[in-house]
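Grab a pencil and work through a few short exercises on the structure below. Each one has a task, followed by a solution in steps.

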Amino acid sequence: MGNRYHAENIYLFSFDAAGGLEWSNVINKAQYDDESDATISHMVFISGSELQVLFNLLERRNLMLNNQGVTPDGTINRYPTLKNLDHDIVFLPRFGRQVSAKSVVIPCLWRNSLIFAKIDF
């Protein structure tokens, strides 16, 4: 019997200095994978004045890297997915790291090899 891993919505809250709630919002996502939790979850990094959230979503039987930004007032902006990628590349966003003000490095799986992708925003 195998294991199925799930990762659901991301809830965002902003509080003022006194601890009062300023705004709240939700990034809707539904992820699952069998036998491994490496491809599910998300990565959060700061780009300019926005909080960026990267995560994989299953679209047409392929995992696509999605990017959604949260502005300081709580508005969520959905940005286009990366285009023209080899469908064999699977991003592992939970292990990614921000390396500069607008760049991240994310490990990927490609034909049973571990590779790294640098993405500039």
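Keep in mind that this is a predicted model.

**Exercise 1. Get the overall picture**

Task: Find out how many helices and strands the protein chain has, and what box its C-alpha atoms fill.

Solution.
- Step 1: Count the elements. The protein chain has 0 helices and 12 strands.
- Step 2: Write them in order along the sequence, and you get β-β-β-β-β-β-β-β-β-β-β-β.
- Step 3: Now the dimensions. Along the principal axes, the C-alpha atoms fill a box of roughly 50 × 35 × 20 Å.
- Step 4: Check burial. Of the 121 residues in the protein chain, 36% are buried.
- Step 5: Look at the contacts with a separation of 6 or more; 39% of these join residues 24 or more positions apart.

**Exercise 2. Walk around a pocket**

Task: Work out which residues line the second largest pocket and which element gives the largest share of that lining.

Solution.
- Step 1: List the lining: Ala30, Gln31, Tyr32, Asp33, Asp34, Thr39, Ile40, Asn56, Leu57, Leu58 and Leu63.
- Step 2: Match residues to elements. Strand 4 (31–34) and strand 6 (50–59) each give two or more residues to this lining.
- Step 3: Pick the main contributor. That's strand 4, with 4 residues, the largest share.
- Step 4: Sort the lining by class, and you find 6 nonpolar, 3 polar and 2 charged residues.
- Step 5: Add the volume: about 180 Å³ of space lies in this second largest pocket.

**Exercise 3. Buried or exposed?**

Task: Decide whether Thr71 is buried or exposed, then do the same for Ala101.

Solution.
- Step 1: Place Thr71. You'll find Thr71 in the loop between strand 7 (62–70) and strand 8 (76–79).
- Step 2: Use the cut-off. Thr71 counts as buried because its relative accessibility is 16%, and buried means under 20%.
- Step 3: See what Thr71 touches. Its side chain makes a polar contact with the side chain of Asp73, at 2.4 Å. Setting aside neighbours within four places in sequence, Thr71 is also in contact with Trp23, Glu50 and Asn77.
- Step 4: Move to Ala101, in the loop between strand 10 and strand 11. Its relative accessible area is 58%, so Ala101 is exposed, the cut-off for that being over 50%.
- Step 5: Look at what surrounds Ala101. Neighbours within four places aside, Ala101 is in contact with Ile46 and Ser47. From Ala101 to Phe121 the C-alpha distance is 9.0 Å, with their positions 20 residues apart in sequence.

**Exercise 4. Trace a hairpin**

Task: Describe how strand 10 and strand 11 pair.

Solution.
- Step 1: Mark the strands, residues 97–100 and residues 103–110; they pair in the antiparallel sense over 3 bridges.
- Step 2: Pick out one bridge: Ser100 has Ser103 in strand 11 as its partner.
- Step 3: Find the connection, a hairpin that joins the two strands through 2 residues.

**Exercise 5. Two positive phi values**

Task: Find where Ser41 sits and where Asn112 sits, and give phi for Ser41 and for Asn112.

Solution.
- Step 1: Recall the background: most residues other than glycine have a negative phi.
- Step 2: Ser41 lies in the loop between strand 4 and strand 5 (42–47), and its phi is near 95°, a positive value. Ser41 is partly exposed, at 21% relative accessible area.
- Step 3: Asn112 lies in the loop between strand 11 and strand 12 (113–120), and has a positive phi near 65°. With a relative accessible area of 84%, Asn112 is exposed.

Methods. Residues numbered from 1 in each chain as written. Predicted model: local features only at pLDDT ≥ 70, side-chain atom pairs only at ≥ 80, totals over all residues. Heavy atoms only, no water. 1 Å grid on protein atoms, 1.4 Å probe; cavity = no way out; pocket = protein on both sides within 12 Å on 5 of 7 lines; lining within 4 Å. Points joined across faces, edges and corners; volume = space filled by probe spheres on them. Nonpolar A, V, L, I, M, F, W, Y, C, P; charged D, E, K, R; others polar. Buried < 20%, exposed > 50% of the residue type's maximum accessible area, 1.4 Å probe, protein only. Polar contact = N/O pair within 3.5 Å; in protein donor to acceptor, adjacent residues only side chain to side chain. Contact = heavy atoms within 4.5 Å. Pairing = 2+ DSSP bridges.
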